[in-house]
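Let's take a relaxed walk over the surface of this one. Have the model open and follow along.

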Amino acid sequence: MTLNLPLVVVLGFFAWAAVKYLGVRTWIVVLIALFGFWLSHTFFAPAIESGTRTGVTVINGQHT
């Protein structure tokens, strides 16, 4: 059985679990999310997207 989840859903789950079980404060999660949002509008965005896609491909394996 194959399950496809967007990366943002997986990251959202980890953020929720960090707040609930690790005691991470909610404002820290919001601050990190805002940082990521603002970082996506810089010249680093293409490198981050490429690195993320490569990492997901490595984890999932090559499917042709």
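## A greasy patch and a charged pair

Helix 1 (residues 7-21) supplies the largest share of the nonpolar patch, with 6 residues. This is a predicted model, so read everything here in that light. The patch covers about 920 Å² of surface, and its members are Leu7, Leu11, Phe13, Phe14, Trp16, Tyr21, Leu22 and Val56.

Val56 sits in helix 3 (residues 45-60). Is Val56 buried or exposed? Partly exposed, because its relative accessibility is 34%, and that label covers the range between 20% and 50%.

Helix 3 also hosts the charged pair. The structure has 1 salt bridge, and Glu49 and Arg53 make a salt bridge through their side chains, at 3.1 Å from N to O. Both residues belong to helix 3 and are 4 residues apart, or about one turn of the helix. Side chains of opposite charge can pair when their charged atoms come close. Arg53 counts as exposed because its relative accessible area is 56%, over the 50% cut-off. Glu49, at 43%, is partly exposed.

Now over to helix 2 (residues 26-39), where you'll find Val30. Val30 is partly exposed, with a relative accessibility of 44%. Its C-alpha atom is 11 Å from that of Val19, and the two residues are 11 apart along the chain.

Here are the accessibility values in one place:

| Residue | Relative accessibility | Class |
|---|---|---|
| Val30 | 44% | partly exposed |
| Glu49 | 43% | partly exposed |
| Arg53 | 56% | exposed |
| Val56 | 34% | partly exposed |

Terms used:
Residues numbered from 1 in each chain as written. Predicted model: local features only at pLDDT ≥ 70, side-chain atom pairs only at ≥ 80, totals over all residues. Heavy atoms only, no water. Patch = residues over 30% accessible without salt bridge, like charges linked within 9 Å, V, L, I, M, F, W, Y side chains within 5 Å. Areas by Shrake-Rupley, 256 points an atom, 1.4 Å probe, with all protein chains shown as cover. Salt bridge = Lys/Arg side-chain N within 4 Å of Asp/Glu carboxyl O. Helix = DSSP H or I, 4+ residues; strand = E, 2+ residues; numbered from the N terminus. Buried < 20%, exposed > 50% of the residue type's maximum accessible area, 1.4 Å probe, protein only.
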